[in-house]
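Here is a short report on one protein model. Read it with the sequence and the structure open side by side.

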Amino acid sequence: MGLSFYTFVLFFLSLYVHFSYVNSRSLNDISLAPSLAPEAAITPEVQSSTSRVFDVRSFGAVGDGVTDDTQGFKMAWDSACDSDELGTLLVPKHYTFLIQSTIFTGSCGNGIVFQIDGTIMAPDGPSVWPKGTSMRQWLVFYRVNGMSLQGGGVIDGRGEKWWDLPCKPHKGPHGTTLPGPCDSPVAIRFFMSTNVTVKGLKVKNSPQFNFRFDGCHGVHIDSLNIKAPSLSPNTDGIHIENTNDVKIYNSLISNGDDCVSIGAGSYNVDIKNITCGPSHGISIGSLGMKNTRACVSNITVMDSFIKHSDNGVRIKTWQGGLGSVSQVKFINIHMDTVRNPIMIDQYYCQTKGLCPNQTSAVRIHDITYEKITGTYDYRTPPMHLGCSDSVPCTNLTFSDIELMPSQGQNMLTPFCWNAYGDLQTLTIPPVFCLLGGNPESIAETDVSQC
């Protein structure tokens, strides 16, 4: 491919940064792209018997944890991507590879397997991050189709020096947050990709989000182990945005923010058998920031365990937004010492007291809570349903709720504001504040238009 295609990729990504925090990149950091857009690909499972292996060491990667192995990975990717049969890029056991911020482009017509059996390691903090490269992303997969990122190896984001920047929450003198550049890289990002599988990996100490999926379709995540300290800022485990047909199964996530966060434009998401915490729980949102429209639907979270976390299952929206959250089910989730096990917050504000009151809101309706059990942190009520003054939450359904205080015998009363729904069984504690039936009217400008 010639320079014109590289120019197209850089220009497209630079436009996207305004909306989703992605910077344009230098030409040398983008691997060769064999085509402009993903085409239908045979999945790795079908073609595994005819896979051709491309060991990164055969392309100059050393794996001593000191040498910059970026170029070897880019060359191995391009060769595997161009292969006439399914290509497997192999990161072998017993080696540690230092990789700079890099974009791997698709589509790789026969699919590709990125097999990590060893360790991939990021540069050690902002002071050694290469000048002229994006400080908002580390490993990016752009327009790939039929890809599997898998293995028993480790992806190490080496995030501690990023978390300790004085502009991070409570890192400045006397617990303050100082101004200044505060970008930190997402560890692994899939952008405009389809039929993606991520399986079996250990990811630790990401500088910011561990995984982010933007504009993707058909994502299957299974058996991940994601770990970061509980006070590491913004280290969401898995974040999806404008992404649909997602399965997140059988994973352990312990971090400093949401285990899973679901952003605007996402639908058909199935989350099952997740062990989450310490963390900020599993969240839909935040949505509707700066009066934007956000549409999220058909989300199921079930058979999961949330422990020692700031929140359990949460929906959070800003005042002034538009759109809707609908057809959401939280089923069979056990809580262990969780603050706010069940939470709807339509007054979300990162700086309390500084967000103006507004009448419009993202509408929240058709939400099911079934078999939510366990213990809550006695400092906060087990249920907080704070809905918009002008756009009430409607058709909230509760059954088999049993939440007890983790300490003492005093059971806190649930909080409700403008929340309408139905108690299908007796709940512990009782939700006397839930309003029955439906509100008389909802302002037309706030009604879902998704």
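Met404, Met411 and Ile428 make up a nonpolar patch on the surface of this predicted model. Their combined accessible area is about 220 Å². Met411 sits in the loop that runs between β28 (393-405) and β29 (415-417). Its relative accessibility is 34%, so Met411 counts as partly exposed.

**The annotated position**

Which residue does UniProt list for "active site"? It is His280, and the listing comes from an unreviewed entry. His280 lies in a loop too, between β20 (267-276) and β21 (282-287). With a relative accessible area of 22%, His280 is partly exposed; the cut-off for buried is under 20%.

What does His280 touch, once neighbours within four places in sequence are set aside? The contacts are Gly256, Asp257, Asp258, Asp310, Asn311 and Arg314. The contact with Gly256 can be described further. A polar atom of the His280 side chain lies 3.3 Å from the backbone oxygen of Gly256.

**A buried strand residue**

Ile306 belongs to strand β22 (residues 293-307). Its relative accessibility is 0%, so Ile306 counts as buried. Beyond residues up to four places away in sequence, Ile306 touches Cys276, Ile282, Asn311, Gly312, Val313, Ile333, His334, Met335, Asp336 and Val338. Take Ile282 from that list. Ile306 and Ile282 are 24 residues apart in sequence, yet their C-alpha atoms are 8.5 Å apart in space. Asn311 appears among the contacts of Ile306 and also among those of His280.

**Salt bridges**

How many salt bridges does a search of the whole structure find? The count is nine. The table gives some of them.

| Pair | Closest N to O distance |
|---|---|
| Arg189 and Asp214 | 2.7 Å |
| Arg212 and Asp214 | 2.8 Å |
| Asp377 and Arg379 | 2.8 Å |

Start with the pair Arg189 and Asp214, whose side chains meet in a salt bridge. Arg189 lies in strand β11 (residues 186-191) and Asp214 in strand β14 (residues 211-214), so this pair ties together parts that are 25 residues apart in sequence. Are these two residues buried or exposed? Both Arg189 and Asp214 are buried.

Asp214 also forms a salt bridge with Arg212. Asp214 is buried because its relative accessible area is 0%. Arg212 has a relative accessibility of 9%, so Arg212 counts as buried as well.

The pair Asp377 and Arg379 is mixed. Asp377 is buried, with a relative accessible area of 9%. Arg379 is exposed, with a relative accessible area of 52%. Elsewhere, salt bridges with shared partners join Asp124, Arg158 and Lys161 into one network.

**The chain as a whole**

The protein chain has four helices and 30 strands. It holds 450 residues, and buried residues make up 55% of them. Now consider contacts between residues at least 6 apart in sequence. Of these, 77% join residues at least 24 apart. Ile306 and Ile282 are one example of a contact, at 24 residues apart. The chain exposes about 18700 Å². Carbon and sulfur atoms supply 53% of that area.

Definitions and conventions. Residues are numbered from 1 along each chain as its sequence is written. This is a predicted model: local features need pLDDT of at least 70, side-chain atom pairs count only at pLDDT 80 or more; totals for chains, interfaces and linings use all residues. Side-chain values use heavy atoms; hydrogens and water are left out. Patches are made of residues with over 30% relative accessible area and no salt bridge: like charges are joined within 9 Å, nonpolar side chains (Val, Leu, Ile, Met, Phe, Trp, Tyr) within 5 Å. Accessible areas come from the Shrake-Rupley method with a 1.4 Å probe; for residues, only the protein chains shown count as cover. A salt bridge is a side-chain nitrogen of Lys or Arg within 4 Å of a carboxyl oxygen of Asp or Glu. Helices (H or I, at least four residues) and strands (E, at least two) are DSSP runs, numbered from the N terminus. Buried means under 20% relative accessible area, exposed over 50%, partly exposed in between (1.4 Å probe, protein chains only). UniProt positions are given in the numbering used here, feature names are shortened, and annotations may be inferred rather than shown by experiment. Contact means heavy atoms within 4.5 Å. A polar contact is a pair of N or O atoms within 3.5 Å; within protein, one must be able to donate a hydrogen and the other to accept it, and residues adjacent in sequence count only if both atoms are side-chain atoms.
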